[in-house]
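Colleague: I am new to this structure and would like to learn how to read it. Could we go through it feature by feature?

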Amino acid sequence: MQDEPLYRPTSDSQMSNERTEHPAERGQGGELHQTPRGDTPRMTTAQGTPVSDDQNSLKAGARGPTLMEDLHFREKMFHFDHERIPERVVHARGYGAHGYLEVTDAIPELTSAGLFQKEGNRVPAFVRFSTVAGSKGSPDLARDVRGFAVKLYTEDGNWDIVGNNIPVFFIQDAMKFPDLIHSVKPEPDRGFPQAQSAHDNFWDFVSLMPEAMNMVMWVMSDRAIPRSLRFMEGFGVHTFRFVNAEGEGTFVKFHWKPKLGMQSVVWDEAVTLNGADPDFHRRDLWNAIQSGDFPEWELGVQVFDDAFADTFEFDVLDATKLIPEEQVPVRIIGRLVLDRVVDNFFAETEQVAFCTQNIVPGIDFTDDPLLQGRNFSYLDTQTKRLGGPNFTHIPINAPKCPFHHFQQDGHMAMHNPKGRANYEPNSWSQGGPRAAPKQGFQSIAERVQGDKRRVRSETFADHYSQARQFYRSQTGVEQGHIANALVFELSKVEVPGIRERVVSHLLNIDDGLAQDVAEGLGLWTMPKAADPARTPIDLPVSDKLSILKNGPDRFEGRKLGLLVTDGADADLVGGLMDAVEEAGGTVEVVAPKVYGVTLSNGKTLAAQQKIDGGPSVLYDAVAIIVSEDGAADLKAMHPARAFAADAYAHAKFMALSEAAGALLDAAGVTDRDDGMTVLSGKAEAAGFIKACCKLRYWDRVS
Ligand code: HDE
């Protein structure tokens, strides 16, 4: 049977009763797929029955009804109908990749975790980045917190650091999490807006919860619109504990620092990007890994003891507060490298189950009430999302170290041990496993005592001081972005009272900010400042809180958008491409037609984007190298004019050929400033790329 072609060649006559070739039988190059013979596996049903025809359902006559007995059709459709699992209730949209964590500085004095005992130790890692509010199909550039969840497959079991790209959180007690998430998700009566905090419910909730104000500053900042998942920091957020072999504990906060530095887009770009490429972040991560440009982060820790915790201005158990790096420096102890994309998005990225309670000996929790609540929620939600308690049998969730326990049965159980012993203790000769008191996980012996009460600790009462510190630590450009973001979001809020309540909180953060926002909204009368539970204090500026003060000063990992036309100067194009490559960046060619252009030397240059599919928002810097005729053609095209006008408005560095001036003029860009370089040779190309290392020419817009 295998030797017989299952598909017959195309019939000459479309009217024939013979089955005709289906387009799916043709490869991308138009060649006809081979019928299953030789090494090509034959198609079967899930039961293994060979399939004879995957194009046509079984009918009573060519034009007759479909028959119930069509086992192949029914099984195929049944399985398709069940393909989806519930999306995550938060962080539904995410993207994952594999890699490893390598220890660069051993810390046995701090923790007994096997991983950290020796420099050079490596463990496999899986990381899933996500947005929080949007559903699975929402766009990547929503203004939102990014999840930064890391699963480390250590020799002592899986350790998950389920963090975010923002070091503080909206709320102090897990009790309020469902309310927070309900408020930011689409409003329940109308089912919109999707993946946005710019609506009444969100601002109503946070303005009634002053503890959210510090985090509100962060999500209104550029941190919430990262340029790439590769260019953002990550934080464990809560205070955790390291426990060493002597059973001594220290407090620890975890940090991920991107090797290529931090970078964000501007809001206007984010809005366009969401339409131009809703997959901007996942595409960027996929492309970087596939091209061998492996994203990397340093793992850092802030370690501190009870003495520091007692003198710190805030409670280290309060997740709405951070510890400035100037107060407790970050010690780098490892590096995280992502070097492999997933083989199957569903099996890995979708089914991965992170949980804050997955920790290993040498690490422990603290009494942070947010963390304590999370320890319940993750396991609970995964049982529903993944359909039962056996999701650790799915390869992405299974430990990579040996594991033995007596948990058994349940839906889809894949590990089904043999033998009689399924309880402990037992008398059977192979009766293990047994608990190992010495190597096993031990909670730190912490004295716990107190009255059983529903209370919020007094030490959690300062809601504004760190919000003020964050705002005042930003550059002028960044402060402007925060004010603009607040004005944008509050302008989408319909109820004036909610807008005013937000401004009343801003007055406790910074007068100037409150004024800017009130002015941006066109508010007639300034409201009274909200009554603070504790009077805010002025804290020192913390430069580490700003993105721009810590700019990368490199073009490595960044992308230049090169707009070209027929007749463009081949030397300029070649020189520029070499300069970008030397700096570790990439070039994407944008042209009027996707097959590319013929340059001045007669050679062709293929394009990756047709002009209307390659707006300048996709790029970190742009070059417009066009001939005079080319510029004349582009002038008539709206996407080409927008390419130039947007690059200018978004403060991008621009390299231009002489002829490009005509396009700029037509785009309404009549200024020529220091952020623009007119190219005439290789030297200028190198100078231009050096300028691009600053990433934006902020002087243009500030
Ligand atoms: Fe989560 N969070 N969260 N969260 N969270 C989930 O677990 C929850 C919080 C974070 O890529 C859910 O498997 C509660 C802080 C990430 O799969 C759920 C509270 C931080 C991810 C859940 C918080 C996070 C989640 C939904 C307040 C940063 C995505 C699906 C007490 C430190 C993980 C799931 C992934 C996902 C609960 C607050 C980060 C419902 C109750 C703070 C990165 O269990």
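Modeller: We will take the record's annotations, the ligand shell, some single residues, the nonpolar core and the backbone in turn. Keep in mind that this is a predicted model.

Colleague: Let us begin with the annotations. Which residues does UniProt give for the feature "binding site"?

Modeller: An annotation comes from a record, and the model then shows where each position sits. The unreviewed UniProt entry places "binding site" at Arg 88, Arg 128, Phe 177, Arg 374, Tyr 378 and Arg 385. The annotation "domain: Catalase core", also from an unreviewed entry, covers residues 44-432. In the model, that span is 22% helix and 19% strand, and its end C-alpha atoms are 41 Å apart.

Colleague: Take Arg 374 from that list. Is Arg 374 buried or exposed?

Modeller: The way to judge is to count other C-beta atoms within 10 Å, where 20 or more means buried. Arg 374 is buried because 21 other C-beta atoms fall within 10 Å. Arg 374 belongs to helix α9, residues 369-385. Beyond residues up to four places away in sequence, Arg 374 touches Ala 174 and Thr 356.

Colleague: And how many other C-beta atoms lie within 10 Å of Tyr 378?

Modeller: The count for Tyr 378 is 17, so Tyr 378 is partly exposed. Tyr 378 also sits in helix α9. With neighbours within four places in sequence set aside, the contacts of Tyr 378 are Phe 354, Cys 355, Thr 356 and Gln 357.

Colleague: Now the ligand. Which residues come nearest to the ligand?

Modeller: A shell can be read in three steps: who is nearest, which elements contribute, and what classes of residue are present. There are 27 residues around the ligand, and Arg 88, His 91, Gly 147, Ala 174 and Val 237 come nearest. Arg 88 is also one of the UniProt "binding site" positions. As for elements, β2 (122-131), β3 (146-154), β4 (157-164) and α9 each supply at least two residues of the shell. The largest share, 7 residues, comes from α9. By class, the shell has 14 nonpolar, 10 polar and 3 charged residues.

Colleague: Two of those nearest residues are His 91 and Val 237. Where does His 91 lie?

Modeller: For such residues, read the place, the burial and the backbone angle together. His 91 lies in the loop between α1 (71-81) and β1 (94-103). His 91 has a positive phi of about 60° although it is not a glycine. With 22 C-beta neighbours inside 10 Å, His 91 counts as buried. Val 237 is in the loop between β5 (234-235) and β6, and phi of Val 237 is positive too, near 70°. Val 237 counts as buried, with 25 C-beta neighbours inside 10 Å.

Colleague: Strand β6 was just mentioned. What does Val 243 touch?

Modeller: Contacts across the sequence show which parts of the chain meet. Val 243 is in strand β6, residues 240-243, and is buried, with 23 other C-beta atoms within 10 Å. Setting aside neighbours within four places in sequence, Val 243 is in contact with Thr 111, Ser 112, Gly 249, Gly 362, Asp 364 and Ile 444. Val 243 and Leu 110 are 133 residues apart in sequence, yet 6.3 Å separates their C-alpha atoms.

Colleague: How should I read the largest nonpolar core, and why does it lie between two domains?

Modeller: In soluble globular proteins, nonpolar side chains tend to be buried together. Here the largest nonpolar core has 168 residues, and those touching the most other members are Met 217, Val 564, Leu 576, Ile 624, Ile 625, Val 626 and Leu 663. This core lies between domain 2 (94-167 + 233-393) and domain 3 (554-700) because both give residues to it. Leaving out residues up to four places away in sequence, Leu 576 touches Leu 562, Ala 623, Ile 625, Ala 655, Leu 679 and Ala 685. Ala 655 is in strand β17, residues 654-656, and is buried, with 26 other C-beta atoms within 10 Å.

Colleague: Last, the peptide bonds. Which peptide bonds are cis?

Modeller: Look at omega for each bond. The bond from Phe 192 to Pro 193 is cis, with omega near 5°, and Pro 193 is in the loop between α2 (177-184) and α3 (200-208). Another cis bond joins Glu 424 and Pro 425, with omega about 0°. Pro 425 is found in the loop between α9 and α10 (465-472).

Notes:
Residues numbered from 1 in each chain as written. Predicted model: local features only at pLDDT ≥ 70, side-chain atom pairs only at ≥ 80, totals over all residues. UniProt positions renumbered as here; feature names shortened; annotations may be inferred. Helix = DSSP H or I, 4+ residues; strand = E, 2+ residues; numbered from the N terminus. Buried ≥ 20, exposed ≤ 12 C-beta atoms within 10 Å, placed from the backbone. Contact = placed C-beta atoms within 7 Å. Near = placed C-beta within 6 Å. Nonpolar A, V, L, I, M, F, W, Y, C, P; charged D, E, K, R; others polar. Core = buried A, V, L, I, M, F, W, Y, C linked by C-beta atoms within 7 Å. Domains from an automatic or database assignment.
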